Amino acid sequence: MPWHNFEFALAGVGAAFVTGAVVAFKQRATTPFKLAYFFAWPTAGSAIILLLSPEREDVEKKMREKGTIDDNVMKEMQQMRKSQMEVLMAAAKNE
């Protein structure tokens, strides 16, 4: 499972917010605690999910080995993913 710099950066920022929330809580500083706590969950939680979730290629390889997916289904999925990305890119350009 390859890890990317973005995931580690997000984990570092999340850890900083969690640490800040703990320090602010111990000092009874309510506003800094609320801010740090508010940002800790999205950053640390997203980092954990990104670091622990398997890569798409690994999942596809396992599915091929088990026989639950074949090349035709994979091609259909790739075409759907490509068309979804095209729609998203077109919508982003229109904004």
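This briefing walks through helix H2 and its surroundings. The model is a predicted one, and the tour takes in a kinked helix, the residues it buries and a nonpolar patch on the surface.

**Helix H2: span and kink**
- Helix H2 covers residues 30-52.
- With 23 residues, H2 reaches 32 Å between its first and last C-alpha, close to the 33 Å expected at 1.5 Å a residue.
- If you follow H2 along the chain, look for a kink of about 30° at Ala40, shortly before the proline Pro42.

**The buried residues of H2**
- Ala36, Ala40, Thr43, Ala44, Ala47 and Leu51 are the buried residues of H2.
- Ala40 is thus worth a second look: it is the site of the kink and is also one of the buried residues.
- Helix H1 (5-26) is included in what covers these buried residues.

**Val13 and helix H1**
- Val13 belongs to helix H1.
- The C-alpha atoms of Val13 and Ala40 are 8.1 Å apart, although 27 residues separate the two along the chain.
- Val13 counts as partly exposed because its relative accessible area is 40%, which falls between the 20% limit for buried and the 50% limit for exposed.

**A nonpolar patch on the surface**
- Leu35, Phe38 and Phe39 make up a nonpolar surface patch, and together they have about 320 Å² of accessible area.
- One member of the patch, Phe39, has its place in H2.
- Phe39 is classed as partly exposed because its relative accessibility is 38%.

How values were computed
Residues are numbered from 1 along each chain as its sequence is written. This is a predicted model: local features need pLDDT of at least 70, side-chain atom pairs count only at pLDDT 80 or more; totals for chains, interfaces and linings use all residues. Side-chain values use heavy atoms; hydrogens and water are left out. Patches are made of residues with over 30% relative accessible area and no salt bridge: like charges are joined within 9 Å, nonpolar side chains (Val, Leu, Ile, Met, Phe, Trp, Tyr) within 5 Å. Accessible areas come from the Shrake-Rupley method with a 1.4 Å probe; for residues, only the protein chains shown count as cover. A salt bridge is a side-chain nitrogen of Lys or Arg within 4 Å of a carboxyl oxygen of Asp or Glu. Helices (H or I, at least four residues) and strands (E, at least two) are DSSP runs, numbered from the N terminus. Buried means under 20% relative accessible area, exposed over 50%, partly exposed in between (1.4 Å probe, protein chains only). The expected span of a helix is 1.5 Å times one less than its number of residues. The bend at a residue is the angle between axes fitted to the seven residues ending there and the seven starting there. Contact means heavy atoms within 4.5 Å.
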